[in-house]
Amino acid sequence: MGIIMILFTLIGGITLSAQSAINGSFSRKAGTIETTFLTFITGSMFLALIILFFGQGDIFAIFDAPLWQLSAVFLGVLFLLFNVFAVTKIGVIATSITVIIGQLVISVVIDHFGWFNSLIIPLDTKRWFALLFMLIALYFIFKGNKRSIEEANKPE
């Protein structure tokens, strides 16, 4: 089961980057907020069909959920909105690695303090180094992007 979850997560990452690139391109014509809205409306319709045919949970449990758990909906909207905006300004790879670093930083904090009923996993030296190497990677990606943009805009 572990290998299947790793593959699902890998495929999820691939689809996320593809979605970012496509949404970034689409937002140049339709607008950032409009693209985000269309993504969520289309996704909602798609998920409604999946729930209709394969759903096994209780969709009405939303009324019993604490408000802090429902905040995840708004966090998802903000993520997609910021992502669509960023891709058009800094490109897919810079957006993706920045998202990953943001995810890792908050994940380390959540794990360390056990926020949101998660496991408590203390921040150790190995995790600090992992974050440092990600920041170094981000630096080199931004430098490479800047150089590529400058070369592309250089008069011949």
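## A walk from the core to the surface

Start by selecting A94, I97, I101, M134, L138 and I141: these six residues make up the largest nonpolar core of this predicted model. Now colour by helix, and you'll see that α4 and α5 (125-152) each put at least two residues into this core.

Next, click on I101. Which residues is I101 in contact with, once neighbours within four places in sequence are set aside? They are M134, L135 and L138. Two of those names, M134 and L138, should ring a bell, since both are listed in the core along with I101.

Stay in helix α4, which runs over residues 92-113, and move along to L104. Skip anything up to four places away in sequence, and L104 touches L131 and M134. Draw a C-alpha to C-alpha distance from L104 to L131: it should read 7.3 Å, for a pair 27 residues apart in sequence. Is L104 buried or exposed? Neither, quite: its relative accessible area is 35%, so L104 counts as partly exposed.

Time to leave the core. Select F46, L47, L49, I50, I51, L52, F53, F54, I59, F60, I62 and F63, then switch on the surface. Together they form a nonpolar patch with about 1,400 Å² of accessible area.

Finish by zooming in on one of the patch members, F54. You'll find F54 in helix α2, which covers residues 32-54. F54 counts as exposed because its relative accessibility is 63%, and the cut-off for that label is over 50%. As a backdrop to this last stop, nonpolar side chains in soluble globular proteins tend to be buried together.

Definitions and conventions. Residues are numbered from 1 along each chain as its sequence is written. This is a predicted model: local features need pLDDT of at least 70, side-chain atom pairs count only at pLDDT 80 or more; totals for chains, interfaces and linings use all residues. Side-chain values use heavy atoms; hydrogens and water are left out. Helices (H or I, at least four residues) and strands (E, at least two) are DSSP runs, numbered from the N terminus. Buried means under 20% relative accessible area, exposed over 50%, partly exposed in between (1.4 Å probe, protein chains only). Contact means heavy atoms within 4.5 Å. Patches are made of residues with over 30% relative accessible area and no salt bridge: like charges are joined within 9 Å, nonpolar side chains (Val, Leu, Ile, Met, Phe, Trp, Tyr) within 5 Å. Accessible areas come from the Shrake-Rupley method with a 1.4 Å probe; for residues, only the protein chains shown count as cover. A salt bridge is a side-chain nitrogen of Lys or Arg within 4 Å of a carboxyl oxygen of Asp or Glu. A nonpolar core is a set of buried Ala, Val, Leu, Ile, Met, Phe, Trp, Tyr and Cys residues joined through side-chain atoms within 4.5 Å.
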